[in-house]
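This report describes a single protein chain from its atomic coordinates. The sequence and the model come first, and the description follows.

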Amino acid sequence: GWRHSLAITESGEVYAWGRNDEGQLGLGDREGRLTPTKVPGLPKVKAILAGDYHSLALTESGEVYAWGRNDKGHLGLGDRQNRLTPAKVAVFR
């Protein structure tokens, strides 16, 4: 991402660290982290993406979660509100 990083463990947990100006770490605040910190509230994750000021996670069950900057609605949540914690995206199949 843009000055933030994400990692997935073998057990499907997500860890985040780096800048957090827009809540892109998903930790419920805007405090940057110098060490990997577990992102709470996510089911078992199989893929992640670190964008400029936002992050996405795809769970093993096919759900998508998004958090961080959302001024253009790019989190897919139907609004333009930033999210400090992961929010489930309504995905149509």
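## Charges and overall form

The chain carries 13 positive and 11 negative side chains, and the centres of these two sets are 4 Å apart. In this count Lys and Arg are positive and Asp and Glu negative, with His and the chain ends not counted; each charge is placed at NZ of Lys, CZ of Arg, CG of Asp or CD of Glu. The model is predicted: local features need pLDDT of at least 70 and side-chain atom pairs pLDDT 80 or more, while totals for chains, interfaces and linings use all residues. Residues are numbered from 1 along each chain as its sequence is written, and side-chain values use heavy atoms, with hydrogens and water left out.

The radius of gyration of the chain is 12 Å, which agrees with the value near 12 Å for a compact globule of 93 residues. That radius is taken over C-alpha atoms, and the globule rule is 2.2 Å times the number of residues to the power 0.38. Along the principal axes, the C-alpha trace spans about 40 × 30 × 20 Å.

About 5,300 Å² of the chain is exposed, and carbon and sulfur atoms supply 50% of that area; areas come from the Shrake-Rupley method with a 1.4 Å probe, and for residues only the protein chains shown count as cover. Of the 93 residues, 33% are buried, where buried means under 20% relative accessible area, exposed over 50%, and partly exposed in between (1.4 Å probe, protein chains only). Among contacts (heavy atoms within 4.5 Å) between residues at least 6 apart in sequence, 34% join residues at least 24 apart.

## Strands and their pairing

The chain has zero helices and seven strands. Both are DSSP runs numbered from the N terminus, with at least four residues of H or I for a helix and at least two of E for a strand. Two strands pair if DSSP finds at least two bridges between them. The following pairs illustrate the arrangement.

| Pair | Sense | Bridges | Opposite residues |
|---|---|---|---|
| Strand 4 (residues 45-50) and strand 5 | antiparallel | five bridges | Ala50 and Ser55 |
| Strand 5 (residues 54-59) and strand 6 | antiparallel | five bridges | Leu58 and Val64 |
| Strand 6 and strand 7 (residues 83-89) | antiparallel | four bridges | Val64 and Val89 |

Strand 6 (residues 64-68) is mostly covered, with four of its five residues buried. Ser55, which stands opposite Ala50, has Trp67 of strand 6 as a bridge partner. Val64 stands opposite Leu58 and also opposite Val89 in strand 7.

Three residues link strand 4 to strand 5 in a hairpin. The hairpin of strand 5 and strand 6 has four residues between the strands, and there Gly62 takes a positive phi near 95 degrees.

## The N-terminal part

Arg3 sits in the segment before strand 1 (4-8). Its phi is near 70 degrees, a positive value in a residue other than glycine.

Ala7 belongs to strand 1 and counts as partly exposed because its relative accessible area is 28%. Beyond its neighbours within four places in sequence, Ala7 contacts Glu13, Val14, Tyr15, Trp17 and Ile48. Its C-alpha lies 8.3 Å from that of Pro36, 29 residues away along the chain.

Ser11 lies in the loop between strand 1 and strand 2 (14-18). With 45% relative accessibility, Ser11 is partly exposed. Ser11 and Val45 are 34 residues apart in sequence, and their C-alpha atoms are 8.2 Å apart.
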